[in-house]
Amino acid sequence: MQAGTDLETTQTPKIGRRQQGLAERRRRLVRAAGELIAERENGNFSMPELAARAGVSLATPYNLFGSKAAVLTQLFEGQVRGFNRDNAWMNGLPPADRVLGVVDRLVAAYAKEPRFYRNLVKALYALGTAETAQFASPVGTLLVQPLIEGLIGDGLVPAEVPKSVLATTLTRLFDATFERWALQDWPTDQLQVELRAGFALVFYGLFDDAAQATLAAAMKAATV
């Protein structure tokens, strides 16, 4: 299980010895969280279990992250960065191919380790409502926003469409569909079909006829 190890590949600027120690303990905690989620049937673990697995005091995860939700956020972000290291693949593609390509890349990554990602969602749902609200999905920042910015930069989205509204809508659509896949044990191909249809519906009225034909096919696939 490689959960959490993608954080280690990120280049870290030169920092003092104390800061290096703190950064190392953060990496150990995130790595430990990934291991526990992968091992457990429902992905859930306690903060004492996390501290013990990482070899730190019980106070350390609270001091460094503040909450379990923050640990899970860091873990999920590391995973997303790991399978989407850059967005250069979008360059020059037709708009509909970019939209559907974001979905396809996400689903391909989840399909490699479906149990881990399902357990990550289950671990989130085991938190209280207040703490769950602290979880920040990295998909919006790392995948949805680059998609939108690239489309806007190439003049493929009307200027009057608010970027923030579009990003929020797509991120919430993803989060809701991802949760259904995880909690209801959907097949991964169903996750792909439903996400492609949802993203296609959002962009359908923003693109030209050629792109609309591609998006319409993606929506039709969800009705079969």
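Let's start in the middle of things, with valine 144, which sits in helix 8 (residues 138-153). Helices here are DSSP runs of H or I at least four residues long, strands are runs of E at least two long, and both are numbered from the N terminus. What you are looking at is a predicted model, where local features need pLDDT of at least 70, side-chain atom pairs count only at pLDDT 80 or more, and totals for chains, interfaces and linings use all residues. Residues are numbered from 1 along each chain as its sequence is written, and side-chain values use heavy atoms, with hydrogens and water left out.

Back to valine 144: is this residue buried or exposed? It counts as buried because its relative accessibility is 1%; buried means under 20% relative accessible area, exposed means over 50%, and partly exposed is in between (1.4 Å probe, protein chains only). Not counting residues up to four places away in sequence, valine 144 touches Val139, Ala167, Leu170 and Thr171. A contact, by the way, means heavy atoms within 4.5 Å. Leucine 50, on the other hand, is 94 residues from valine 144 in sequence and 31 Å from it in space, C-alpha to C-alpha.

Two of those partners deserve a visit. Leucine 170 is in helix 9, and at 0% relative accessibility it counts as buried. Leaving out residues up to four places away, leucine 170 touches Val144, Ile148, Phe199, Val202 and Phe203. Glutamine 145 lies 25 residues from leucine 170 in sequence, with 9.4 Å between their C-alpha atoms. Threonine 171 also belongs to helix 9, which covers residues 163-183. With a relative accessible area of 14%, threonine 171 is buried, and its contacts, neighbours within four places aside, are Gly140 and Val144.

Keep going and you reach aspartate 185, in the loop between helix 9 and helix 10 (188-204). Most residues other than glycine have a negative phi. Aspartate 185 has a positive one, near 55°.

Now step back to the whole chain. How many helices does the protein chain have? There are 11 helices and zero strands, so the pattern along the sequence is simply α-α-α-α-α-α-α-α-α-α-α. The C-alpha atoms fill a box of roughly 60 × 40 × 30 Å, taken along the principal axes. A compact globule of 224 residues would have a radius of gyration near 17 Å, and the 19 Å of this chain agrees with that. That radius is taken over C-alpha atoms, and the globule rule is 2.2 Å times the number of residues to the power 0.38.

Of the 224 residues, 42% count as buried. Among contacts between residues at least 6 apart in sequence, 70% join residues at least 24 apart.

What about the inside? The largest nonpolar core has 63 residues, and Leu50, Leu72, Tyr110 and Phe203 touch the most other members. The largest share of this core, eight residues, comes from helix 5 (residues 95-112). A nonpolar core here is a set of buried Ala, Val, Leu, Ile, Met, Phe, Trp, Tyr and Cys residues joined through side-chain atoms within 4.5 Å. Take leucine 72: outside the residues up to four places away, it touches Ile37, Phe45, Leu120, Ala123, Leu124, Leu127 and Phe135.

Phe135 also helps with distances: aspartate 97 is 38 residues from phenylalanine 135 in sequence and 30 Å from it in space, C-alpha to C-alpha. Aspartate 97 is found in helix 5 and, at 37% relative accessibility, counts as partly exposed. Neighbours within four places aside, aspartate 97 is in contact with Trp89 and Thr214.

Two more stops remain. Serine 67 lies in the loop between helix 3 (59-64) and helix 4 (68-83). Even in a loop, serine 67 counts as buried, at 7% relative accessibility. It touches Met47, Glu131 and Gln134, again without residues up to four places away.

Finally, arginine 28 is in helix 1 (residues 17-39) and counts as partly exposed at 26% relative accessibility. What does arginine 28 contact, leaving aside its neighbours within four places in sequence? The partners are Ala54, Gly55 and Val56. Valine 56 is 28 residues away from arginine 28 in sequence, but 8.9 Å away in space, C-alpha to C-alpha.
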